[in-house]
Structures are given as structure tokens and as C-alpha cells.
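Welcome! Below are a few short exercises, each with a worked solution, to help you find your way around a new structure.

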Amino acid sequence: MTAAAPFLSVDSALAQVIDNYFPAIGSGAGDLSEEPAQVRAMGAYAPLGKRYGPLRIDAEGSESEGYANNVDRNVGGHSSAVISTQGSLSAVSRWGKRDQVHGNISVDDIRYPSRSIQNRTNWTANVGGVHDFGHDTIGVSYTHLALVQMPTDLGALIVNHPVPYQVDDGRLSYTATTHGRFSFIPQVDVQRYYFDNFAPTPSQPSQSYRDRVLITEGVTAQYEMRQDSHILLVMQGTEIRYQTQLTGAPSRDSNGASVMAGYDFGMRGPLRFRALVGYQTRRYRANGYGTINSPMAEAELSWSPTRLTTATLSVRHGIEDSAFENVVGYTFTGARIGVTHTYQRNIVFSAYGQIQKANYPSAPAFLQNTVLYQERNNQTYYGVGAEVDWLINRHMRLAANYDFSSQNTVGSGQFPIHTFLVGFHLSL
């Protein structure tokens, strides 16, 4: 199931948002690793959903209003009131030891009365499942995303309105366990990106040159140290093929490979820890783009010192695709820490802080003396936010949140963005 975004959040986590919808590196496909967000509320205030035998259905919706000082998310951007409407419907059926099927659809609509050019609607849909053969398991999932890219997304174009794009993602994995402590997860993931509804200008080409297919195949080897605790080795290969080439530029197609090793501590008391480190390389078909090599890391630490408090730290570093015509790839580093505390059973406080950074190499030599040439550059994003939820009963809650971010686009200085929202939430 797709990861649930924080309630009332309006672009609070901007860079690499696409990664929020997919499982961690080395994880199998089709597994519903956690219940829908509303089920994680405290005991007497947790929505019950509707149950029909092994099938559970959950639905939720919210309406929020507030204010943002820079809805263009660019230097000199306009301010506006904000109206945010969100809704989701999910279903999951479990039987046997591990068999399950699940589906989810969610919609997020944001309106700016004083700046309608920035209005946008995102929606996602996902289906997946796992079948247990008694010793091995097979997992499959399909996800469709209809999103928009903003100028504050790292590696994004500096434009004055959202750039819509869609992603289709299909995953298949097979978890083969031995009679000892070893298990292996061969898997394949196919993603298709396509951009639409973007009017080209003389200084900015049509976005169709960014349409591409990514094929990632790999295998994860696990050695069980104790129950739910594993040593991991992940090996992956990636092929990227662009559907439309940029006029006058060489092919952006590339092949890549990565090797990572790490440890998954599993759920042991109040601590949950998972970390992978390794090395990644990407070689482009056109010699002019050269090769990008970079260390690679993904880590997550979750600590629950009490039943009412949870703190989570996540860190990621690797190679990403760029939206700039003159840069094909860059290295990305991000870190985020969040804390959630439940007060008097029905009042929940949460806060987060994050930093994200992109380092762009110099444009290829063949672009020198053209408008596309760019020296080595970087972008940095800082963000903090806080939220309070009042759970009125199992089906209703009120929430208020505040988000602050500061970021530079390529060629500009830092600019601040303040967003405040108050909303009402209903759950089945």
C-alpha cells in the first residue's frame, strides 16, 4: 500500500516525494507492511472501519483551510489562502499465515483562491498481494501515480506553475527460504514516467523528452540472526531508456548497478533499526555525459521510549535523475527526524525537521558556449513543522499544523515558505 502522507501537509516534504510511495530497498513486493494511517490512532479513538469476514474497508476524508506566504514556491512568489481537500479508500483482506490482498485509492486537491495557476490535484491508486506457499512467498504490486512537480522539488525546472506527470509502477518478488537461516528475494521493478499538459516556450522545450522507462532487477540475500533480525546483501542493476530524445542532444539512456550491505534489527522492544550502505554507478550511452559514481545509503531508526511517544530518523543518499535539460543525473542526500507524542489519549502532538541537498555536476563539455551550459551547482532544502490533532471520537478529529521551509533554486538565494492549516477529518 502506498505510504500515507502526513495529515494536512501541503508540500511539507518536497524533494523526492515519489520515493514515499514505494517500499524500502531490498523489501519484497505486495506486502502491506503497516495498517492505514488512521488505524494507528490510540485505542479507544481508533476508527474501526467496516469488516466483512476477512475483508476490512477503511475510508477517510478531510477539509482544511489556511494561508501560505509563497504558493509559487519560487523567489518573489505570491501569497494566498489555501483550501485542501483529501480523501482515501482502502481495503485489505488477510487469511492463512501470510496471504493477503489489498487496494488503495487517494486524492489530494489543493486550491489557491488568489493564485489559481497553482491549483493542482494529485491522485494515487495501488493494488497488491502476497501468497504464502507454506515455505516461500510471492508478492506483486501495481501503483499508478498522477502527481505534479514543483520548482522546489530538487532537480526540478524553475517554472511558475506545476508540471503534471504520471508514473506506472509494477513490482514482482519471490522470497525463497532455505531450511537454514538464509533466504533470497529476487525481484524486478518496472517504472514508466510520462509528462503531459505542459505548453513549451522558446526557452523551455516540451517535457516529453523526460518520458522514460526504468527497469530495476536485483536480488536480496538475508541471513537471520534471530527472529525478525537479518543481515542483508542487496545487488541491483538498472536500465533507463528515454522515449523521446531532446533535440540536438545525445541520448540520455544509461545503465547502472549498485551493491549494498546492512542490517535489519527488526521489531525488538522499543527499537526498530534498518541500515544499508554500499556503492552505486551509472554509465551513460553517450560518452559526453560520462559516468556518475557515488556511495549509496539508506537507514531508518524508530524508537518508542513509551507507548505514547515515537521518534523516527531516516537518512538516504544516492544518484537521482534530473529535470534540467543540461544535467542528466545528480547526487542526493536527505535526512528527516520526526516525533509523535500522544497526550491524554486523544490529543496527539507531532513535529519534524529535515534537510535535503542536491549536488549537480558540470554540464557536458559539448554544451559549452550554449545557453544550456551550467557550472557545477547545488540546491539545499531545510524544513520544520508541527501539528496537533484532537481526536473527538472514533470518526472525527480536528487538526492544526504549521510548516516552514527554506530553499534555493539553481541560480537564486534562499527564500522562506510559511504554511498554516486548520482542518476537520472524518473516518469510517
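A strand here is a DSSP run of E with at least two residues, and strands are numbered from the N terminus. Keep in mind that this is a predicted model.

**Exercise 1. Locate Val 188 and decide whether it is buried, partly exposed or exposed.**

Step 1: Val 188 lies in strand 8.
Step 2: Its relative accessibility is 33%. Buried means under 20% and exposed means over 50%, so a value in between is called partly exposed.
Step 3: Val 188 is therefore partly exposed.

**Exercise 2. Find the nonpolar surface patch that includes Val 188, and name the strands that contribute to it.**

Step 1: Val 188 is joined in this patch by Phe 133, Ile 138, Val 140, Leu 172, Tyr 174, Val 190 and Ile 215.
Step 2: Taken together, the patch residues have about 600 Å² of accessible area.
Step 3: Strand 6, strand 7 and strand 8 each give two or more residues to the patch.

**Exercise 3. Work out how strand 6, strand 7 and strand 8 are paired.**

Step 1: Begin with strand 6 and strand 7, which are antiparallel and joined by 13 bridges. One pair to look for is Gln 149 with Val 163 in strand 7.
Step 2: Move on to strand 7 and strand 8, also antiparallel, with eleven bridges. Here Asp 168 sits opposite Arg 192 of strand 8.
Step 3: Look at the connection: strand 7 and strand 8 make a hairpin, with four residues between them.

**Exercise 4. Describe the largest nonpolar core and say which strand gives the largest share.**

Step 1: As background, nonpolar side chains in soluble globular proteins tend to be buried together.
Step 2: The largest nonpolar core has ten residues, including Leu 145, Val 163, Tyr 193 and Ile 240.
Step 3: At least two core residues come from each of strand 6 (137-149), strand 7 (163-177), strand 8 (182-195) and strand 10 (229-242).
Step 4: Strand 7 has the largest share, with three residues.
Step 5: Now pick out Ile 240; beyond four places in sequence, it touches Arg 212, Val 213, Leu 214, Asp 253, Ser 254, Arg 282 and Asp 321.

**Exercise 5. Is Arg 283 buried or exposed, and which residues does it contact?**

Step 1: Arg 283 is part of strand 12 (residues 271-284).
Step 2: Arg 283 has a relative accessible area of 56%, so it counts as exposed.
Step 3: Beyond four places in sequence, Arg 283 contacts Asp 253, Ser 254, Asn 255, Gly 290 and Thr 291.
Step 4: Finally, the C-alpha atoms of Arg 283 and Asn 293 are 8.6 Å apart, with ten residues' separation in sequence.

Conventions:
Residues are numbered from 1 along each chain as its sequence is written. This is a predicted model: local features need pLDDT of at least 70, side-chain atom pairs count only at pLDDT 80 or more; totals for chains, interfaces and linings use all residues. Side-chain values use heavy atoms; hydrogens and water are left out. A nonpolar core is a set of buried Ala, Val, Leu, Ile, Met, Phe, Trp, Tyr and Cys residues joined through side-chain atoms within 4.5 Å. Buried means under 20% relative accessible area, exposed over 50%, partly exposed in between (1.4 Å probe, protein chains only). Contact means heavy atoms within 4.5 Å. Two strands pair if DSSP finds at least two bridges between them. Patches are made of residues with over 30% relative accessible area and no salt bridge: like charges are joined within 9 Å, nonpolar side chains (Val, Leu, Ile, Met, Phe, Trp, Tyr) within 5 Å. Accessible areas come from the Shrake-Rupley method with a 1.4 Å probe; for residues, only the protein chains shown count as cover. A salt bridge is a side-chain nitrogen of Lys or Arg within 4 Å of a carboxyl oxygen of Asp or Glu.
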